[in-house]
Amino acid sequence: MSMNFLTKKAAAAALLLAFNISASEFEYSGKIGIEERYFFAGGQYEEQFEHWQTSFSVEPEFTWNWNDGVDSLVFTPFYRFDAQDEQRTHGDIRELFYIHVGDDWEFRAGIRKEFWGVTEFQHLVDVINQTDGVEGFDGEDKLGQQMLNLSLVRDWGIIDLYLLPGFRERTFPGEEGRLRGPLVVDKNNVSYESSAEDKHIDFAARWSHVLGDFDIGSYWFHGTNRDPLLTPAQNGQTLVLRQYYNQMDQLGIDVQATIDDWLWKFESIYRSTKAEDFGAVQAGFEYTYVGVFDSFTDLGLLMEYGWDSRGEAGASAGANVQNDLFLGSRIAFNDMQDSEVLMGFSTDLDHNAFSILVEASRRFGDSFKANLDFRMLQSSEYTDQLYSLKDDDHLQVSLDWYF
Amino acid sequence: MLYQGRLKTVLITTLLAAASLSSFAVSQQETDQEKNARRKGLDISVEVKNRDSGWGDSKADMLMILRNEQGQESVREIKIKSLEQLGDGDKSLTVFNKPKDVKGSAFLSYSHAEKADDQWLYLPSLKRVKRISSRNKSGPFMGSEFSFEDFSSFEVEKYSYKYLGNEKIAAKDFFKVEQFPVDENSGYTRRVVWIDQQEYLVHKIDYYDRKNSLLKTLTYVDYQQYSGKFWRARSMQMINHQNGKSTELIWNNYTFNNGLSEGDFNRNALKRTR
């Protein structure tokens, strides 16, 4: 668990504040989970474990409220123990922040998570938090980001200003871990374009607004690129990947039009770094058919397309999503147990590569939730990124207890 | 406030009277009796709305108990804040506390009298605010026998009316009014509503599905008066006649005119609902 100086300082200040609170409301909740993965094929690379991966996780949440909810403090630590992958045994402070609510403004300070965007299959514009790459394969798990955030509510929209002191490195599977390429990412060989390294202070400003059926957001981000450039390097006798984080300026826009049963979604970024400038788009729709076959079940149909001006990722750096089509369906049974099934199919139109995803979940009793995930990753072309994961098809079962 | 309420009544009555006049011209067959039933149904419903105006904002805790045919129960714990809007549907923020796996999830709704409601959902696990389609009004709310539509605020413009007569139940006099949803996406062809003649409170609603057969009955139990003015039922019981399931809502800690403002009903408020 890495915590830099600023984080420690923020944590100390926040805790001090917490102990000074009199007549505050304290609440806790959270979940404890067990997860089992089964990989149908043995590891493609030598050190990888063979089939079974067992892990346990815990994520409590503590909240304090005072001044009638005007001030509050939230603390959400997280820890996962993984029996097979040493790197997946990891902890993080997902959240530790103070929030003050004014009439038409909010001030938030500490470690937080912030999500931006509207699409489902790729989160292009979501840029504040680093991906917790070892936690989940879909990139939706994020590491906490230290920040000062002022949010101003105006008639013409909500303005959010962010000062982000310090940077989090992405997490990657270790030597024994599955769902990785032939080379392991070296977490001790990290370099930065900025001389401030991981102490660089990033900045972001976002405007978001609702105009009738349209929800619109746009932002500018200046700071450390969350996506590392991975290049092969020697670590003693073994070849590894070293991480390089450059500086970037990024302009992002996200729009959703909610018209009748249709959600039309559009996300686009323009990123500028010293090495290259590029643009990318993810766009599509979600259509919900309410009450199929005279039942209470809702059927959602999703289609998205992803494009990137860099073109396909080959030997040189390119994009993984450059001419990709995504199809999905979401079935919500609307029953007492909130049973749900999500199916997704994605294919790279430039390569013979595709992946299939099925996620099902259901509640048991009042406090248990079971998830069943299936992932298939196929490619017949050596140059495609998915080729390096072609033996990593797996089934995952998890059970969480909520308290 | 009172004056505005009265003015609104006059306006609505005039507008709807004008509307019924123009449609009278089209359907020449409408008899005086039918016209009177329409007028009276409207007048009663306008009075229901007016007697319950001026509450400004409200806060309440709701316990939702789901029961299936076998008698198995599942409980949801919900907090609801509402903001009264003059000349439009109300705004509401619904926060889920139980089941525990959805704790912190929240639902923001701007209901409208004539156009579709604006609705957003907040998913705490992803920290994501998602605008959702409000056409899904006939779908069940949280797996219960209440639909999204049943939770939307009552606005006079959402229905056309027909007065069916008076009925005496347990020594109490009721108006019986038929209400026909204007929105074609409604899950109902009509509702039959029992309104007591003294306080103009809704005591019972029969819901008829799209095939015009009786689907559900909602009963309001144990009305309490708050702030010396506003009546709210302590319990609301919805029985689904077609699937044998039922849902009971138990309301606690009602407060009115808390000084809530627009700022408590925007997308930022949606995110700070833990």
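**Figure 1. A three-residue hairpin joins strands E4(A) and E5(A).** This is a predicted model: local features need pLDDT of at least 70, side-chain atom pairs count only at pLDDT 80 or more, and totals for chains, interfaces and linings use all residues. Residues are numbered from 1 along each chain as its sequence is written, while chains are lettered from A and ligands numbered from 1 in the order in which they are written. Strands (E, at least two residues) and helices (H or I, at least four) are DSSP runs, numbered from the N terminus. E4(A) covers residues 90–101 and pairs with E5(A) in the antiparallel sense over six bridges; pairing requires at least two DSSP bridges between the strands. His100(A) has Phe107(A) of E5(A) as its bridge partner.

**Figure 2. Strand E5(A), residues 105–112, is mostly covered.** Six of its eight residues are buried. A residue is buried if 20 or more other C-beta atoms lie within 10 Å of its own, exposed if 12 or fewer, and partly exposed in between, with C-beta atoms placed from the backbone. E5(A) also runs antiparallel to strand E6(A), residues 145–154, and eight bridges join the two. Met147(A) in E6(A) is the bridge partner of Gly110(A).

**Figure 3. Ser339(A) sits in a loop between two strands of chain A.** Strand E17 (323–332) precedes this loop and strand E18 (340–348) follows. Ser339(A) has 17 C-beta neighbours inside 10 Å, so the residue counts as partly exposed. Leaving out residues up to four places away in sequence, Ser339(A) touches Phe333(A) and Arg362(A). Contact here means C-beta atoms, placed from the backbone, within 7 Å. Trp207(A) is 132 residues away along the chain, and its C-alpha atom is 35 Å from that of Ser339(A).

**Figure 4. Chains A and B meet through 36 residues of chain A and 23 residues of chain B.** On the chain B side, strand E6 (128–132) and helix H4 (267–271) each supply at least two residues. That side divides into ten charged, nine polar and four nonpolar residues. Asp, Glu, Lys and Arg count as charged; Ala, Val, Leu, Ile, Met, Phe, Trp, Tyr, Cys and Pro as nonpolar; and the others, Gly among them, as polar.

**Figure 5. Helix H2(B), residues 32–51, buries one face.** Its end C-alpha atoms are 28 Å apart, which agrees with the 28 Å expected for 20 residues at 1.5 Å a residue. The expected span is 1.5 Å times one less than the number of residues. Arg38(B), Gly41(B), Leu42(B) and Ser45(B) are buried. Seen down the axis, the buried residues fall within an arc of 95 degrees, so they line one face of the helix. The arc is taken from the directions from the helix axis to the C-beta atoms. Exposed Asp32(B), Gln33(B) and Asn36(B) lie on the face turned away from the buried side.

**Figure 6. The largest nonpolar core has 26 residues.** Such a core is a set of buried Ala, Val, Leu, Ile, Met, Phe, Trp, Tyr and Cys residues joined through C-beta atoms within 7 Å. Val177(B), Val193(B), Ile195(B), Val202(B), Ile205(B) and Met236(B) touch the most other members. Elements giving two or more residues include strands E1 (57–67), E8 (172–181) and E9 (190–196) of chain B. Beyond four places in sequence, the contacts of Ile195(B) include Ile44(B), Val48(B), Phe174(B) and Tyr200(B). Another core, of 13 residues, lies apart, with Leu124(A), Tyr219(A), Phe221(A) and Ile269(A) among them.

Key. Contact = placed C-beta atoms within 7 Å.
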